[in-house]
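These are my notebook entries from a session of looking things up in one structure, written down in the order in which I checked them.

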Amino acid sequence: MSSSSQDLTLREMIERSRLETEVKTKTSTPVKRRDFLKGIAAGSLIILCSPDGTTTAARTKDLANNQNLSPSLFVAVEPDGTVQVLAHRSEMGTGIRTALPRVLADELSADWDKVVIRQAKGDRRLGDQNTDGSNSIRFFYKTMRTAGATARNMLEQAAANRWEVDVKDVSTSNHTVYLNGVKKKLEFHQLVEDARKLEAPKAEDLRFKSPQEFQYIGKKFPIADMDAILTGEAIFGIDAHIEGQVHAVVARCPVVGGVVESYDSDAAKAVKGVIDVIELPRFQGAPVFQQLGGIAVVAENTWAALQGREALKVRWNEGPNADYDTEEFMAALTATVQANGQVMRAEGDAATAIADAPKAVQATYTVPHLSHAPMETTCAVADVKTDEAGKVISCYLKAATQNPQAVQQAVGPAMGIPNDEVYCDVTLLGAGFGRKSKPDYCVEAALLSRRVKRPVHVTWTREDDFQHDYFHTISAVHCEAGLNEDGSPAGWLMRAAYPSISSTFNLQAQSPASWEAEMGLTDLPYDVPNVQVEVGQAKAHTRIGWLRAVCHIFQNFAVSSFADELAHAAGRDPYEYLLSTLGEDRELDLAKLKLGNRGASAQDYPYDIGRLKNVLTRVATESKWSRHNDLPRGKGLGIACCRSFLGYTGHVVEVSVSPQGSVSVDNVWVSIDAGTIVSLDRVLAQVEGATIMGISQAMYGEMPMKKGRAIHSNFDGFQVAKISDSPNSINIDIVKSEAAPGGVGETGIGSFAPALCNAIFAATGERVRNLPIKNHDLSWG
Amino acid sequence: MATLNVNGQQRDVSDVPPATPLLWVLRDHLGLTGTKYGCGVSECGACTIHVDGEAVQSCVTAISDIGEGKIVTIEGLSANGDHPVQQAWKEHNVPQCGYCQVGQMMTCAAMLAANPDPTDDDISEGMWNICRCGTYNRIRDAVKTAAKEMK
């Protein structure tokens with residue numbers, strides 16, 4: 001694999017894949033207006049905000065006639081005062097569908113009861129819609145504020161003109177502009193007609209609110225979909241319906257890359273309600289977001305389709321991955337990381353420093369494959385339109401997708417149509433965790449709709465979900481350090497080996513990419529004079545995908561477990577050891593270390609050791625860390641910290657381990673610094689949820705594979721945390737900050753598992769280096 | 001199976017094979033999509049509904065096993081979404097993605113009807129439904145609030 005393709009980030013790989021596969025048209029596709037304007041009242045003040053941050057004021061008439069005005073993120077203030085806001089990110093439980101519109105409404109000083117949220121279709125002109133990577137607030141906080149401020153400034157100008165005063169003499173709150181010091185006011189609906197005749201203010205002239213004036217940002221507010229969820233009226237992907245739809249399930253080869261050898265079509269068709277049995281071709285080249293291939297059963301209802309699939313009796317030609325065995329593979333990875341690999345970071349001479357140090361410590365950590373297992377499996381309905389000759393014209397989908405543009409990118413080439421002719425509405429997602437960024441299931445629905453000439457709803461069963469995931473990778477990380485007389489590290493060496501997510505896009509990718517290593521490994525924050533980080537070869541034998549927290553799951557597990565091992569080897573307090581090893585407050589030199597920083601500028605998002613130490617100190621205080629030495633055997637506190645997704649976390653976990661070895665997570669403390677916070681209650685919810693997911697991953701998480709297939713088929717085998725596993729308390733401390741907004745959704749995961757395992761060590765003296773914890777005998781006494 | 005009693009109405013299911021799980025009949029035949037598929041093997045609780053007031057996993061219950069039983073789904077739990085359990089869920093802002101919450105609430109409502117004053121252990125045992133977003137601590141609080149309200 002060339003170094004140039006290895007350096008591609010995930011988003012760059014997705015974009016390259018789009019450019020390589022998109023069907024080109026001879027003439028440019030006319031810009032579709034109708035859908036964009038549908039539902040906006042004539043006479044509205046419309047503010048368009050392009051993804052680059054520039055804003056334009058427009059009228060419905062302009063939009064209908066001016067082909068150069070690109071549909072963008074927008075807010076429309078209608079003549080009756082109703083405010084329409086476009087939500088272009090997917091709602092999968094983070095609250096983003098509410099949070100970003102709240103940002104806009106705050107800057108607009110809108111009455112939330114008069115705000116209507118419209119969910120956007122997939123459209124590249126809206127900017128990034130890939131709802132993953134804990135990016136949504138970071139990417140669009142400023143855009144939404146700019147849009148809201150632009151509309152408010154124009155309404156204020158219209159009021160000032162009416163009163164013949166300077167705009168400085170007016171102020172706005174709750175959908176109303178007031179003339180300062182006088183009992184005069186004008187409500188938004190009284191100003192729309194005048195405001196829409198004004199030019200939009202220039203960016204440099206915009207008057208923003210100060211953080212002290214925020215009405216919604218940083219406050220607690222409920223999600224907009226609350227009532228619909230609680231009454232069962234909310235529409236998820238599995239509920240999406242297109243008039244005339246039929247239902248399909250697909251039998252896919254349990255081994256990635258296998259093809260159909262034989263099947264009994266007649267037996268399936270004999271099932272009452274089955275309409276057709278259709279063979280889907282195997283994907284070509286790298287899997288990307290293509291369909292796996294297999295045999296689909298299309299029926300009048302889901303149960304008939306399932307019964308039909310049972311009757312198929314498919315035999316597979318399983319292909320080259322049929323000997324994949326994760327037990328053997330893990331042994332090979334563990335061996336790989338004992339030997340030198342490709343150097344990803346080097347300062348000083350780590351090997352010599354370790355060899356010359358008075359004391360050396362080494363350990364190897366492993367984490368198995370994990371499944372996403374969102375409660376809603378992957379589901380979509382597609383409706384393909386063809387011309388009289390049977391040629392596809394367009395495809396309309398409703399899908400539970402984290403990335404409707406990826407749906408366009410995957411379905412367009414599969415249908416032989418330009419991506420712009422794929423229209424994807426986004427339903428609510430019954431969670432995603434990264435799985436629903438990969439729309440292979442949407443391609444299946446489209447392929448089947450084209451064949452049966454009706455809308456087809458594809459449902460994945462839980463067994464399908466577990467067998468055909470884009471799995472979290474399988475990893476080994478080896479750590480070595482040499483300690484000075486005072487216990488401080490003189491040299492620190494790490495080697496990691498795991499199949500790369502890049503392998504899903506590029507079959508030649510056979511070692512971790514730099515953007516993967518940057519999630520907890522090459523961005524080692526400790527102040528150590530000699531550091532070396534290496535990666536080793538690891539070929540993928542299944543589809544590898546990104547799962548919430550991605551490489552932080554295992555890289556921070558290794559790094560923060562190892563730091564704790566060093567503290568104990570040095571005979572020092574783990575908290576004090578972490579604090580002193582982090583060194584002076586400073587910013588890591590990201591350019592010198594060649595760290596990508598998730599595409600964010602080092603100016604807005606420095607790697608700030610002071611902030612990392614701050615969350616560590618705060619969590620130690622909140623949890624009363626100093627009591628850790630007084631706990632009886634079987635009780636322990638563990639501590640860890642990390643920077644992930646441009647946010648900072650410190651964790652203290654309190655565990656009990658019974659003499660029989662049963663582990664209970666009693667209490668959890670988290671301090672999080674994610675910069676500016678938008679939705680306070682949802683930040684708390686995300687960190688609570690990250691704790692529970694952390695318990696699932698650390699205590700139970702593993703998807704072993706034998707003969708190329710996942711061996712667990714449902715929740716009876718792939719165990720996840722239940723309410724009985726939840727801690728007595730999850731105590732969350734959010735650092736108040738006006739720094740640029742960082743990530744939240746994934747940030748709460750990274751330092752949890754190592755804090756838990758460090759606590760188990762404190763309680764029992766047993767060091768868990770190979771997750772999950774359930775595989776260890778922790779009995780004592 | 002000519003009819004099923006669902007949310008107080010007799011619904012015609014005469015063209016549905018009797019072995020069909022109630023889940024798919026509710027969703028595909030009767031258009032009641034509030035009840036969710038999660039696992040199909042009674043491991044997750046997403047499909048929980050009530051039959052004669054008892055919590056039942058509709059994914060493994062054939063309609064032929066229901067007979068005259070009175071089925072209540074989320075659509076029939078309350079007239080205006082104001083069952084004490086729904087109100088408690090709202091008060092504590094329990095849902096994240098929301099997908100499992102219908103099943104969680106149906107399990108809770110049946111549990112509280114049988115045991116109005118559950119202990120923490122009762123809640124740990126009774127509220128066995130899986131939530132992958134990890135809303136368990138809020139569910140625990142909401143169950144206690146609902147129990148208080150229902151007294």
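**Helix α11 of chain A.** I began with the outward side of α11(A), where the face turned away from the buried side carries the exposed residues A:Glu327 and A:Glu328. I note here that the model is a predicted one, and that I read every value below as computed from it. Which residues of this helix, which runs over residues 326-336, are buried? I found A:Thr326, A:Phe329, A:Met330 and A:Leu333 to be buried. These residues lie on the same side of α11(A), because the arc they cover around the axis is only 100°. The spacing fits a general rule that I wrote in the margin: an α-helix has 3.6 residues a turn, so residues three or four places apart point the same way. I then asked what covers the buried residues of α11(A), and the cover turned out to include the chain A strands β15 (359-367), β20 (475-483), β21 (489-497) and β26 (705-706). At the start of α11(A) I also recorded that a side-chain oxygen of A:Asp325 comes to within 2.9 Å of the backbone nitrogen of A:Glu327.

**Aromatic pairs.** A search over all chains of the whole structure gave me 13 aromatic pairs. The pair of A:Tyr498 and A:Phe554 is edge-to-face, because the ring planes stand at 70°, with the ring centres 4.7 Å apart. Since A:Tyr498 lies in the loop between β21 and α16 (514-517) of chain A, while A:Phe554 belongs to helix α17 (residues 552-569) of chain A, this pair ties together parts that are 56 residues apart in sequence. I checked the accessibility of A:Tyr498 and A:Phe554 as well, and both are buried.

In chain B I looked at B:Trp24 and B:Tyr37, which form a tilted pair with 5.4 Å from centre to centre and 35° between the planes. This pair ties together parts that are 13 residues apart in sequence, because B:Trp24 sits in helix α1 (residues 22-29) of chain B and B:Tyr37 in the loop between α1 and β3 (48-51) of chain B. B:Trp24 and B:Tyr37 are both buried.

Back in chain A, I noted one aromatic cluster formed by A:Phe289, A:Phe505 and A:Trp546.

**Charges over rings.** I found A:Arg543 over the face of A:Tyr470, at 3.8 Å from the ring centre, and the charged end of A:Arg767 over the ring of A:Phe761, at 4.2 Å from its centre.

**Chain B as a whole.** How many helices and strands does chain B have? I counted 6 helices and 5 strands, and along the sequence they follow the pattern β-β-α-β-β-β-α-α-α-α-α. The radius of gyration of chain B is 15 Å, which agrees with the value near 15 Å that a compact globule of 151 residues would have. The C-alpha trace of chain B spans about 45 × 30 × 25 Å along its principal axes. Of its 151 residues, 60% count as buried. I also looked at contacts in chain B between residues at least 6 apart in sequence, and 57% of them join residues at least 24 apart.

**B:His83.** I placed this residue in the loop between α2 (74-77) and α3 (84-91) of chain B. Is B:His83 buried or exposed? It counts as buried because its relative accessibility is 15%, below the 20% limit for that class. A polar atom of the B:His83 side chain lies 2.9 Å from the backbone nitrogen of B:Val85. Leaving out residues up to four places away in sequence, I listed B:Leu77, B:Ser78, B:Ala109 and B:Met150 as the residues that B:His83 touches.

**A:Ser136.** This residue is in helix α6 (residues 136-163) of chain A, and with a relative accessibility of 8% it counts as buried. Its side chain is joined to that of A:Arg89 by a polar contact of 2.7 Å. Beyond four places in sequence, the residues that A:Ser136 touches include A:Ile96, A:Leu100 and A:Tyr141. I also recorded that A:Ser136 and A:Gly745, 609 residues apart in sequence, are 10.0 Å apart in space from C-alpha to C-alpha.

**A:Lys185.** My last entry concerns A:Lys185 in strand β8 (residues 184-187) of chain A. Apart from neighbours within four places in sequence, A:Lys185 is in contact with A:Trp163, A:Thr176, A:Val177 and A:Tyr178.

Conventions
Residues are numbered from 1 along each chain as its sequence is written. Chains are lettered from A and ligands numbered from 1 in the order in which they are written. This is a predicted model: local features need pLDDT of at least 70, side-chain atom pairs count only at pLDDT 80 or more; totals for chains, interfaces and linings use all residues. Side-chain values use heavy atoms; hydrogens and water are left out. Buried means under 20% relative accessible area, exposed over 50%, partly exposed in between (1.4 Å probe, protein chains only). Helices (H or I, at least four residues) and strands (E, at least two) are DSSP runs, numbered from the N terminus. The arc is that of the directions from the helix axis to the C-beta atoms. Contact means heavy atoms within 4.5 Å. A polar contact is a pair of N or O atoms within 3.5 Å; within protein, one must be able to donate a hydrogen and the other to accept it, and residues adjacent in sequence count only if both atoms are side-chain atoms. Rings of Phe, Tyr and Trp (its six-membered ring) pair if their centres lie within 6.5 Å; planes under 30 degrees apart count as stacked, over 60 as edge-to-face and the rest as tilted. A charge sits over a ring if NZ of Lys or CZ of Arg is within 6 Å of the ring centre and within 35 degrees of the ring normal. The radius of gyration is taken over C-alpha atoms; the globule rule is 2.2 Å times the number of residues to the power 0.38.
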